[in-house]
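Subject: Structure for you to look at

Dear colleague,

Here is the structure I said I would pass on. What was found in it follows below.

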Amino acid sequence: MRRNVVFAIVLSFTVGAFCRAADDDDPVALGRKASEWLEMLRSDPQPKRRQAALIALEIIGPKARKVLPGVAGAVRKDSEEGVRAAAAQWLGRTAQKTKDGGVESSEALEALAAALREDKSSKVREAAAISLGKYGSDARLAVPELTAALKDKDKRLNEAAAESLSQLGPDAKAAAAQLADVLRDAKAESLTRSYAALALGRLGEESAPTTVPVLSSILGDAAVPADVRRNATEALGRLGKRAAPAAAALGQALKDKNSDVRRAAVVALDQLGPDAKPALAALIDASRDEDKSVRAQAVHLLGVIGKEAADKTVPALVERLKDTVLEVRLAAILALGTIGPDAKAALPALQNAARDGQAAVRDAANEAIKKIQATPNRG
């Protein structure tokens with residue numbers, strides 16, 4: 001099946017000269033008119049020839065008259081699962097061309113939804129599920145079928161459905177409860193759970209009261225695969241300030257053994273700004289993380305939330321003024337300047353930094369010193 005896909009792509013580049021202009025009512029590809037290829041797809045007794053017709057019709061494209069309905073009909077009615085699956089894949093591969101060309105896609109979407117709901121072949125259902133995701137929000141009519149597919153015994157179909165739901169954004173809200181179940185299911189495949197996490201994070205801010213606790217419950221659980229923990233963390237970051245109730249859980253994720261999870265956690269906390277305060281202790285520890293990007297981001301956040309806990313944050317930031325990575329040292333200097341007069345204990349270290357061999361460090365240190373020595377505004 002994959003060879004057919006590759007073959008179609010190659011053909012589209014090598015035989016384009018044999019296809020008439022796209023606005024022709026019955027364009028030609030590979031020596032036959034679209035109508036002839038459609039007739040072959042509809043009635044040729046040999047499955048291989050029907051699949052060849054699909055390849056030619058992909059070269060012609062979905063804008064040509066009756067091509068999209070013809071392929072949709074093959075998804076619904078062809079007697080061979082291989083042809084039905086190939087036709088379903090065709091609809092997915094041409095989804096963007098269909099949209100860009102202003103072609104009505106309802107027949108394609110209805111055929112894919114019907115295949116996902118009714119076809120007895122797992123191969124066809126999987127192809128239909130994947131292709132539905134290519135239509136983005138236009139595939140919202142198939143959310144019930146995609147949701148049902150999450151519960152199917154076929155694990156590949158579960159994965160395909162979760163991936164497509166993750167591409168629908170807020171239009172997948174009706175699947176929230178089932179996506180949450182998949183995310184928490186220790187028996188589900190790792191990739192399926194990862195897609196479920198992404199889908200939950202893309203449901204939008206209105207769904208945050210429901211999705212944030214579910215996503216938070218995954219963090220800090222070493223039994224959950226690392227890629228699932230990472231995607232759950234990234235999903236919380238996507239929710240921005242609406243993920244504030246997850247600050248403590250994100251702090252736990254900062255202690256994860258997996259550096260990708262820690263990176264995702266510190267980025268998510270950065271989206272919270274001052275609301276990241278429940279993770280303060282974890283951020284202080286993260287300012288010493290072996291990963292330089294985690295250190296730099298944690299140091300920056302200490303400056304954002306550090307004024308109310310200067311006795312804890314300032315010593316941690318001063319420590320980072322000796323960091324071997326320039327990015328981290330600069331972040332520490334800027335953070336101390338952000339804290340302002342409450343960071344007076346850092347002045348000796350900053351004055352030393354003002355004599356650094358690098359101009360960027362000297363300039364940043366002098367600016368931070370000015371901010372710290374400024375008279376605080378008592379209002």
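A salt bridge here is a side-chain nitrogen of Lys or Arg within 4 Å of a carboxyl oxygen of Asp or Glu. Glu 118 and Arg 117 form such a pair, with 3.3 Å between the closest N and O atoms. Please keep in mind throughout that the model is predicted.

Overall form

The protein chain has 22 helices and two strands. Its radius of gyration is 28 Å, well over the 21 Å that the globule rule gives for 379 residues, so the chain is more spread out than a compact globule. Along the principal axes, the C-alpha atoms fill a box of roughly 85 × 45 × 40 Å. Of the 379 residues in the protein chain, 52% are buried.

Salt bridges

Side chains of opposite charge can pair when their charged atoms come close. How many salt bridges does a search of the whole structure find? The search gives 24.

To return to the pair named at the start, Glu 118 counts as exposed because its relative accessibility is 54%, a value over the 50% cut-off. Arg 117 has a relative accessibility of 48% and therefore counts as partly exposed.

A second salt bridge joins Asp 256 to Arg 229, with the closest N and O atoms 2.7 Å apart. This pair links distant parts of the chain, as the two residues are 27 residues apart. Asp 256 sits in the loop between helix 15 (247–253) and helix 16 (259–272), while Arg 229 belongs to helix 14 (residues 226–238). Are Asp 256 and Arg 229 buried or exposed? Asp 256 has a relative accessibility of 9% and so counts as buried. Arg 229, at 8%, also counts as buried. The cut-off behind both statements is 20% relative accessible area, under which a residue is called buried.

A third salt bridge is formed by the side chains of Glu 290 and Arg 262, at 3.8 Å from N to O. Here too the pair links distant parts of the chain, with 28 residues from one partner to the other. Glu 290 is in the loop between helix 17 (280–286) and helix 18 (292–305), and Arg 262 is in helix 16. Glu 290 counts as exposed, since its relative accessibility is 73%. Arg 262 is buried, with a relative accessible area of 6%.

Some salt bridges share partners, and in this way Asp 285, Arg 288, Arg 295, Glu 319, Arg 320 and Asp 323 are joined into one network.

Surface charge

Which residues gather in a patch of negative charge on the surface? They are Glu 104, Glu 107, Glu 110, Asp 138 and Asp 171. One of them, Glu 104, is located in the loop between helix 6 (95–100) and helix 7 (106–118). With a relative accessibility of 57%, Glu 104 counts as exposed.

Two distances

Glu 104 and Pro 245 are 141 residues apart along the chain, and their C-alpha atoms are separated by 43 Å. For Ser 293 and Val 266, the separation along the chain is 27 residues and the distance between C-alpha atoms is 9.1 Å. Ser 293 is part of helix 18. Its relative accessible area is 31%, so Ser 293 is partly exposed.

Backbone angles

Two residues other than glycine have a positive phi and can be looked up in the model. Leu 30 has a phi near 55°. Leu 30 is placed in the loop between strand 1 (28–29) and strand 2 (32–33). Its relative accessibility is 35%, so Leu 30 counts as partly exposed. For Lys 66, phi is near 70°. Lys 66 lies in the loop between helix 3 (47–60) and helix 4 (67–77). With a relative accessible area of 55%, Lys 66 is exposed.

Regards

Conventions:
Residues are numbered from 1 along each chain as its sequence is written. This is a predicted model: local features need pLDDT of at least 70, side-chain atom pairs count only at pLDDT 80 or more; totals for chains, interfaces and linings use all residues. Side-chain values use heavy atoms; hydrogens and water are left out. Patches are made of residues with over 30% relative accessible area and no salt bridge: like charges are joined within 9 Å, nonpolar side chains (Val, Leu, Ile, Met, Phe, Trp, Tyr) within 5 Å. Accessible areas come from the Shrake-Rupley method with a 1.4 Å probe; for residues, only the protein chains shown count as cover. Lys and Arg count as positive and Asp and Glu as negative; His and the chain ends are not counted. The place of a charge is taken as NZ of Lys, CZ of Arg, CG of Asp or CD of Glu. Helices (H or I, at least four residues) and strands (E, at least two) are DSSP runs, numbered from the N terminus. Buried means under 20% relative accessible area, exposed over 50%, partly exposed in between (1.4 Å probe, protein chains only). The radius of gyration is taken over C-alpha atoms; the globule rule is 2.2 Å times the number of residues to the power 0.38.
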